[in-house]
Structures are given as structure tokens and as C-alpha cells.
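Here are some exercises to work through with the model open beside you. Try each task before you read its solution.

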Amino acid sequence: MQYKSRIFMATILPVNGKEPQIGENCFIAPNATIVGEVSMGADCSVWFNAVIRGDVHFIKMGNKVNVQDGAIIHCTYQKHPTTIGNNVSIGHNAMVHGCTIHDNVLIGMGSIVMDACVVNSNAIIAAGAVVLEGTIVEAGSIYAGVPAKKVKMVSEELIHGEINRISNNYVKYASWFSEHNDAPKSATNPVKPGTI
């Protein structure tokens with residue numbers, strides 16, 4: 001049976017005079033939502049039903065960040081912005097709220113990272129983990145559980161085999177959807193590498 005494609009547009013809106021700034025070569029899926037003071041670097045992707053809501057504080061994302069299906073990025077009014085580094089994967093249905101995520105991080109599917117957390121570089125937050133408010137995740141470690149605790153260090157194999165592999169794959173996957181890309185045709189104010 002042949003199905004006819006039905007395309008719905010992404011929601012990209014200004015809030016209080018501040019509008020999303022999307023870098024070069026980004027993919028925004030139809031039905032993704034990006035609003036307010038959001039800045040995004042190059043080679044990022046925002047997937048189906050994902051929400052990035054920079055209405056109550058700013059959200060700053062580096063290069064090669066993928067925000068997978070159903071994930072939510074938000075912040076806390078006048079208190080906690082959300083800052084995300086380069087080469088970061090935010091898994092399906094994860095929630096990242098008012099925190100700092102450094103470079104080369106994997107946030108697992110269905111996990112929650114709360115206000116004032118800092119996830120240092122080369123770390124993995126396991127699927128379903130809940131990182132409580134104010135937690136400092138050690139660089140190069142894996143945190144798992146509810147509440148999330150350090151379970152072990154990340155091997156070089158995991159850094160290259162999981163963190164880098166997933167980030168690179170999402171750049172490739174985004175290219176498959178180029179004809180349905182709702183990102184603005186000309187990039188505005190892309191985030192420079194190493195700004196976190």
C-alpha cells in the first residue's frame with residue numbers, strides 16, 4: 001500500500017523579543033518546537049516531538065548536539081539557564097532542565113538531569129537515571145539509577161564507541177531528512193566552538 005506523506009511544520013517562535021538562533025547545517029524535524037532565547041551551533045539536530053523552550057531563561061547549545069525524539073530542554077525562571085557543550089547526545093524522552101552539560105556527553109533515553117547539575121566532559125548518564133538537583137557528575141564517569149550515582153568510569157572504547165559514534169550518526173541521520181528540514185534556510189549567529 002502506498003502512503004502519502006503528511007508534513008507538519010516545526011514551531012519556531014520568538015518570546016519576549018528573543019528568537020532562536022540556529023547554526024549552519026542543522027536539522028529541525030517537522031513538529032519539533034524551539035522557542036525563545038535558544039542558540040544552537042552547527043551540525044545540530046532536533047528530532048520529532050522534541051521541545052527546546054527558552055522562554056524563562058536562555059538555552060545555549062554547542063556544535064553536533066542531537067536532541068532526540070520527545071526530549072525536553074528547559075530552564076528555571078531567572079535562576080538556572082541550560083548550557084550544553086559540543087558533541088552531546090540527548091536521548092529519546094530525556095529531560096534536561098536548568099543545568100550545564102559539558103562536551104562529549106551522552107544523556108541516556110528517559111533520563112532526567114535537574115536544576116544546577118553539572119555533567120562534566122566524557123560522561124554518560126544511563127537510560128532512566130535521575131540526576132538530582134545540584135549533582136556534579138565527574139568527568140569520564142557513568143551515572144545510573146534513581147537517584148543517579150557513579151557506577152564506574154568511562155573507558156576510551158565507550159567514548160569512541162558510544163559517545164562519538166552516536167553524535168556522528170545523528171549528523172548522518174539528519175542528512176536523510178534534508179528535504180523535510182524546517183531549519184531556517186540561512187543560519188543566524190551560530191555558536192562558536194569551545195564557548196562553554
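**Exercise 1: the sheet**

Put the strands of the open sheet in order and find its edges.

Start with the order: eight strands run E3-E5-E7-E10-E13-E16-E19-E20 in an open sheet with mixed pairing. Next, look at the ends: E3 (27–28) and E20 (149–153) each have a single partner strand, so one side of each has no neighbour in the sheet. Strands (E) are DSSP runs of at least two residues and helices (H or I) of at least four, numbered from the N terminus; two strands pair if DSSP finds at least two bridges between them.

This is a predicted model, where local features need pLDDT of at least 70, side-chain atom pairs need pLDDT 80 or more, and totals for chains, interfaces and linings use all residues. Residues count from 1 along each chain as its sequence is written, and side-chain values use heavy atoms, without hydrogens and water.

**Exercise 2: one strand pair**

In what sense do E7 and E10 pair?

E7 (residues 65–67) and E10 (residues 88–90) are parallel, with three bridges. Within this pair, valine 67 has isoleucine 90 of E10 as its bridge partner.

**Exercise 3: isoleucine 166**

Is isoleucine 166 buried or exposed?

First, place isoleucine 166: helix H1, residues 156–176. Then check its relative accessibility: 14%, so isoleucine 166 is buried (under 20% relative accessible area; exposed is over 50%, partly exposed in between, using a 1.4 Å probe and protein chains only). Finally, its C-alpha atom is 7.0 Å from that of serine 89, 77 residues away along the chain.
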